[in-house]
Amino acid sequence: MANQILQFKLLLMSPGDIEDERHAATEIIQYWNAQIGNTLSVNVDLVKWETHSQPATGMHPQKILNQQLVEEADFG
């Protein structure tokens, strides 16, 4: 039977030189979803430019990312 799940989009924003911390944040969100979110029927979709952006041209790269990711995120 299908369950209703409340989903939030969390945009991971950071400088590019903290790869270990970004990886840790990904693991924490995955753990939270599996342990706590599953119990509460809440899911946090971790949005990262590496996995959620699409190639585009015609504008400054940051503006493209803002349109694709920032404007759709619930929090960051």
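1. The largest pocket of this predicted model has a lining made up of Leu 11, Leu 12, Met 13, Ser 14, Arg 22, Lys 48, Trp 49, Gln 62, Leu 65, Asn 66, Leu 69 and Val 70. Its volume is about 180 Å³. As general background, rolling a probe the size of a water molecule over the atoms shows where empty space is left.

2. Which helix gives the most to the lining of the largest pocket? Helix α3, which spans residues 61-70, does so, with 5 residues.

3. Arg 22 deserves separate attention, since this residue also appears in the pocket lining. Arg 22 is found in helix α1. Is Arg 22 buried or exposed? Its relative accessible area is 9%, and Arg 22 is therefore buried, as the limit for that class is under 20%.

4. The surroundings of Arg 22 may be described next. Leaving aside residues up to four places away in sequence, Arg 22 touches Leu 12, Met 13, Ser 14, Pro 15, Lys 48, Trp 49 and Glu 50. Several names recur in the pocket lining, including Leu 12, Met 13, Ser 14, Lys 48 and Trp 49.

5. One of these contacts is also a salt bridge: the side chains of Glu 50 and Arg 22 meet at 2.7 Å, N to O. The pair joins distant parts of the chain, with Glu 50 in helix α2 (residues 49-52) and Arg 22 in helix α1, 28 residues apart. The count of salt bridges in the model comes to 1. In general, side chains of opposite charge can pair when their charged atoms come close.

6. The two partners of the salt bridge should be considered with regard to accessibility. Glu 50 has a relative accessibility of 43% and so counts as partly exposed, because this value lies between the limits of 20% and 50%. Arg 22, by contrast, is buried at 9%.

7. The strands provide the remaining point on the fold. Strand β1 (residues 6-11) pairs with strand β2 (residues 42-47) in the parallel sense, over 6 bridges. Between β1 and β2 the chain passes through helix α1 (residues 19-40), and this β-α-β crossover is right-handed. Helix α1 is also where Arg 22 is found.

8. Individual bridges illustrate the pairing. Which residue in β2 is the bridge partner of Leu 6? The partner is Val 42. For Phe 8, the bridge partner in β2 is Val 44.

Definitions and conventions: Residues are numbered from 1 along each chain as its sequence is written. This is a predicted model: local features need pLDDT of at least 70, side-chain atom pairs count only at pLDDT 80 or more; totals for chains, interfaces and linings use all residues. Side-chain values use heavy atoms; hydrogens and water are left out. Two strands pair if DSSP finds at least two bridges between them. Helices (H or I, at least four residues) and strands (E, at least two) are DSSP runs, numbered from the N terminus. A crossover is right-handed if, with the strands pointing away from the viewer, the path from the first strand over the helix to the second runs clockwise. Buried means under 20% relative accessible area, exposed over 50%, partly exposed in between (1.4 Å probe, protein chains only). Contact means heavy atoms within 4.5 Å. A salt bridge is a side-chain nitrogen of Lys or Arg within 4 Å of a carboxyl oxygen of Asp or Glu. On a 1 Å grid over the protein atoms alone, a cavity is a set of points where a 1.4 Å probe fits but cannot get out, and a pocket is an open set with protein on both sides within 12 Å along at least five of seven lines; lining residues have an atom within 4 Å of a point. Grid points are joined across faces, edges and corners, and a volume is the space filled by probe spheres set on the points.
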